[in-house]
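Here is a short, friendly walk through one structure, meant to be read with the model open beside you. Take a moment to find your way around before reading on.

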Amino acid sequence: DPCCAAPLPVLGRDVTVPLVTGGEVTYAALDYAASAPALQRVWDDVAAYAPYYGSVHRGAGYLSQLSTDLFENSRGTVHEFLDCRDDDQVVFTRSTTDSLNLLAAALPADCQVFVFETEHHASLLPWRDARVTYLNAPRTHGEAVRTLETALADRDPYGPALVCVTGASNVTGELWPVRELAAAAHAHGARIVLDAAQLAPHHPLSVRELDVDWVAFSGHKLYAPFGSGVLAGRADWLQDAEPYLAGGGASRKVARRTDGGVDVEWHSTAARHEAGSPNVIGVYSIASACKALTEAGFGTLVAREQHLITKVRDGLAEVPEVKVLSLFGDDSPRVGVISFVVEGWNSSHFAAALSAEYGIGVRDGLFCAHPLVRTLLGSDPQDVGECGAPEAEPGERLLNAIRVSFGAGTPDEHVERFVRAVK
Ligand code: PMP
């Protein structure tokens, strides 16, 4: 029974934290959507490599060569993990935010961008220098596709266009109809980039099958917390763009000109956008996580996570004061990310109590998706005020929420303790 499969070993499972009520308890990390704990396997792989650490692409010594191989082989592992097309490029970045800003910097001239207002700020904001159309929050998958189609039908049909969409919401955990949105984008001659920050850790992901042009994700949400991320996909826009950073590694040939300036020939490979000494530990840890998740099998991981989701949702459903936030409705497929409000409670106080009294780490706030949370809470989505919790009195409108999120390393006890605590 895959539901009863053991959680994958992660770091921090034995860490104890003090309680205000006295004594201590093992920490229940239920904030995977912000950053997931490292897989033990990732940690072990990194530790085994650490003595062999050396410069990548910058040394003739044995350890430099070994580190270069490890770095370049990691590209292949990620390519395979994402089921990319043969000629797709895998560019290593710092994070999803970095990946999407890189793509934004590589947009062709006059590119139009289409993005739902419901996106995480990392997907919502990088395009501000382009012509952006912000699409209203849909309430069904069908409405999402129709909204996009209507917007694309109105666009300048001859210019380049990009759609940016999340695979799984960092607020509601709900999956988005990525394949259908990609088909709509392509039918109108647009490209599409998938923000897979919350999808990749929880769900199998195939660039070919979804037919997206690019995908972005972060190592630290994929159990690989060493500061790397990925942008993978079509090479053409990336090859044509100015390098994201100017410097060594991105440049193939640099020479002084007779007029005193410099001529630069940039790489056309992924290296074009990877100037500077690369974060080989971060990149290797992502590759290690990709292998570990593939070996564990997403069939098993998804089944186990669904079992945890059911426990949390059933538990929350027994508390009448709790309202779970959802854009597409209760039956919509989702990953292990659930946000809710509790009537009469300030969400920040509630989250603080979960930590102080039960040793449970969740997140409160607007989750870097202000327009979405405001839509879900019924306030004005145009008003993107300060992130954080205004002091709400009992009975007052709550302007922030509580998010519980979990994944491959979560034992049943953590979600059971959470449900008990909420009750
Ligand atoms: N997109 C989504 C859906 C996210 O959940 C996050 C992280 N919360 C990001 C993008 C940004 O990821 P990072 O902070 O690693 O750049």
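The notes below look at some helix packing and then at the surroundings of the ligand.

Please keep in mind that this is a predicted model.

**Two helices against H9**

A good place to start is helix H9, residues 280-296, which packs with helix H1, residues 40-49. Helix H2, covering residues 62-81, also packs with H9. The table sets out the two pairs.

| Pair | Angle between axes | Distance between axes |
|---|---|---|
| H1 and H9 | about 135° | 9 Å |
| H2 and H9 | about 40° | 9 Å |

With an angle of about 135° to H9, H1 counts as oblique to that helix. The crossing of this pair is right-handed. On the H1 side, the contact is made by Arg41, Val42, Asp45, Val46 and Tyr49, and on the H9 side by Ile281, Tyr284, Ser285, Ser288, Ala289 and Ala292. Sorted by class, this contact holds seven nonpolar, two polar and two charged residues.

Now turn to the other pair. At about 40°, H2 is likewise classed as oblique to H9. Here the crossing is left-handed. From H2, the residues Ser67, Leu70, Phe71, Ser74, Thr77, Val78 and Phe81 take part, and they meet Val280, Val283, Tyr284, Ile286, Ala287, Cys290, Lys291 and Thr294 of H9. By class, the contact of H2 with H9 has ten nonpolar, four polar and one charged residues. Tyr284 of H9 is listed in the contact with H1 and in the contact with H2.

**Buried and exposed places in H1**

Which residues of H1 are buried? They are Arg41, Val42, Trp43 and Asp45. H9 is part of what covers the buried residues of H1. Ala47 also sits in H1, but this residue is exposed, because it has 9 other C-beta atoms within 10 Å, where 12 or fewer count as exposed. Ala47 and Ile281 are 234 residues apart in sequence, while their C-alpha atoms are 9.6 Å apart in space.

**Around the ligand**

What surrounds the ligand? There are 15 residues around it, and those that come nearest are Ser95, Thr97, Asn170, Ala197 and Ser218. Two helices, H3 (96-105) and H4 (121-124), each supply at least two residues of this shell. By class, the shell divides into ten polar, four nonpolar and one charged.

Key. Residues numbered from 1 in each chain as written. Predicted model: local features only at pLDDT ≥ 70, side-chain atom pairs only at ≥ 80, totals over all residues. Axes fitted to C-alpha atoms, helices over the stretch in contact; angles between N-to-C directions. Helix = DSSP H or I, 4+ residues; strand = E, 2+ residues; numbered from the N terminus. Parallel < 35°, antiparallel > 145°, perpendicular 65-115°, else oblique. Left-handed = near helix turned anticlockwise from the far one by under 90°. Contact = placed C-beta atoms within 7 Å. Nonpolar A, V, L, I, M, F, W, Y, C, P; charged D, E, K, R; others polar. Near = placed C-beta within 6 Å. Buried ≥ 20, exposed ≤ 12 C-beta atoms within 10 Å, placed from the backbone.
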